Structures are given as structure tokens and as C-alpha cells.
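Here is a short tour for a newcomer. Look over the sequence and the fold, then read on.

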Amino acid sequence: MPPADEPVLPEGCDYVVGIDDSGYAYDVIDLSIEVGQTVCWIWEDESMAHNVAQIENEGDTNRMLGGKYSGMAMTTVDYRVTFDENQTFLYICEPHATMDMIGKVVVGTGIMEEVDETDSSTDSNSVPGFTAGLSGIALAAAVIMYGGRKSEL
Ligand SMILES: [Cu+2]
């Protein structure tokens with residue numbers, strides 16, 4: 001039974017993760033959800049600034065590049081993620097990672113299936129700069145190949 005003062009979930013959120021009374025931890029650190037559900041990390045006017053940064057492996061204190069990221073730590077945050085695939089989502093609060101401010105969301109089976117590479121572009125949270133960098137490299141490679149071919153003639 002949830003406590004009587006449990007706030008109503010904001011629209012679009014299936015679960016809300018906030019900051020606990022200590023001010024240095026999430027109030028829900030181990031969550032299990034269904035595929036397609038949305039977790040909202042929401043806090044307001046906290047005394048300390050916090051964020052949500054995906055990590056690759058348990059114990060990591062640095063965020064995973066290209067992972068989900070709420071941005072710079074803030075005292076007020078509203079960060080929402082809809083999980084469309086089975087996976088175990090591990091995250092830290094960057095300023096307090098070494099103080100064990102960590103959390104986990106187990107989505108469905110908790111095990112990510114092999115994903116076709118072409119699917120990565122559909123991830124709305126992918127970093128645009130990363131994709132742009134890759135196409136830049138592809139372009140450079142094409143120019144080099146073209147140049148090489150011309151000199152053979
Ligand atoms: Cu924090």
C-alpha cells in the first residue's frame with residue numbers, strides 16, 4: 001500500500017523517481033517496469049543539484065558516452081524516459097556517484113536483445129553530434145577512395 005500522501009503521478013509517467021530525505025540518494029533505486037512504460041525523474045528545489053546519467057557497467061562512476069543523460073546536474077529536474085526494449089538501465093547522479101547515488105531500472109526481462117544497427121537512428125535520445133561525426137568520417141573516406149581511384153587512371 002502506498003502512503004496516503006503519495007502524490008498523483010504526473011500525466012505520462014508510470015513511475016516517478018525523486019530524491020530521498022538524505023538529499024544524496026534517489027528515493028527509488030531499484031525499479032522493475034514493463035516494456036513501453038515511462039519513468040520520470042522529477043525533483044524540485046533540492047538543496048543539491050542532481051542528474052541522471054546512464055552508466056555501462058555497475059560500479060562505473062563515469063557516464064556512458066551516448067547513453068541516456070538528463071544533462072547538467074540541477075536542483076530542479078524533470079527527465080522522462082520511455083523504455084521500449086528489454087534492458088537493465090543503470091544510472092548515476094554524476095556529482096554524487098562516488099557517494100553511491102546510483103539507481104537501476106529493470107525493463108521487462110532486463111536483458112537487451114541484439115539490435116539491428118539501423119535501429120539506432122530511431123533512438124530519440126541518441127546524441128546528434130555522434131551521428132554527424134560518423135557521416136563526416138564516411139564522407140572523408142569516400143573522398144579518399146575517390147582520390148585514390150583517380151590517381152590510378
Ligand atoms: Cu546527486
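Start with one pair of facing residues. Aspartate 30 stands opposite lysine 104 in β7. This model is predicted.

**The open sheet**

Aspartate 30 belongs to the uncovered face of β2, together with Ser32. Leu31 and Ile33 make up the covered face of β2. In general, side chains of a regular strand alternate between the two faces of the sheet.

β2 and β7 run parallel, and 4 bridges join them. β7 also has a partner in β6: the two run antiparallel, with 6 bridges between β6 and β7. Backbone hydrogen bonds are what pair the strands of a sheet, in parallel or antiparallel fashion.

How many strands form this open sheet, and in what order? There are 4, in the order β2-β7-β6-β4. The pairing is mixed. β2 and β4 are the edge strands, each pairing on one side only. On average, neighbouring strands of the sheet are turned by 30 degrees against each other, direction ignored.

Several residues of the sheet stand opposite a partner in β7. The table lists three such pairs.

| Residue | Partner in β7 |
|---|---|
| Aspartate 30 | Lysine 104 |
| Phenylalanine 89 | Valine 105 |
| Isoleucine 92 | Isoleucine 102 |

**Glutamine 87**

Glutamine 87 is found in strand β6. Is glutamine 87 buried or exposed? Its relative accessibility is 10%, so glutamine 87 counts as buried, the cut-off being under 20%. Its contacts, leaving aside neighbours within four places in sequence, are Val105, Val106, Val107, Gly110, Ile111 and Met112.

**The nonpolar cores**

The largest nonpolar core has 19 residues. Which residues have the most contacts inside it? They are Tyr26, Val39, Trp41, Val52, Phe83, Tyr91 and Val105. Five elements give two or more residues to this core: β2 (30–33), β3 (38–43), β5 (77–82), β6 (87–92) and β7 (102–107). Apart from this core lies another, of 5 residues. Ala53, Ile55, Leu90 and Ile92 are among them.

Tyrosine 91 has a long list of contacts beyond its neighbours within four places in sequence. Among them are Val17, Tyr26, Val28, Trp41 and Val52. Tyrosine 91 is also in contact with Ala53, Gln54 and Ile55. Further contacts of tyrosine 91 are Ile102, Gly103, Lys104 and Val105.

**The copper site**

Which protein donors hold positions around the copper ion? They are His50 (ND1), Cys93 (SG), His96 (ND1) and Met101 (SD). These donors lie 2.0 to 2.4 Å from the copper ion. The site is tetrahedral, with angles of 100 to 123 degrees among its 4 donor atoms.

In sequence, the donor residues are spaced H-x42-C-x2-H-x4-M. Histidine 50 sits in the loop between β3 and β4 (53–55), and histidine 96 in the loop between β6 and β7. The two histidines are 46 residues apart, so the pair links distant parts of the chain. Histidine 50 and histidine 96 are both buried.

Definitions and conventions
Residues are numbered from 1 along each chain as its sequence is written. This is a predicted model: local features need pLDDT of at least 70, side-chain atom pairs count only at pLDDT 80 or more; totals for chains, interfaces and linings use all residues. Side-chain values use heavy atoms; hydrogens and water are left out. A nonpolar core is a set of buried Ala, Val, Leu, Ile, Met, Phe, Trp, Tyr and Cys residues joined through side-chain atoms within 4.5 Å. Buried means under 20% relative accessible area, exposed over 50%, partly exposed in between (1.4 Å probe, protein chains only). Contact means heavy atoms within 4.5 Å. Donors are N, O and S atoms within 2.8 Å of the metal (3.2 Å for Na, K and Ca); water is not among the atoms, so sites may look incomplete. Four donors count as tetrahedral if all angles lie between 85 and 135 degrees; four count as square planar and six as octahedral if opposite donors are over 155 degrees apart and all others between 65 and 115; anything else is irregular. Two strands pair if DSSP finds at least two bridges between them. Axes are lines fitted to C-alpha atoms, for helices over the stretch in contact, and angles run from 0 to 180 degrees between N-to-C directions.
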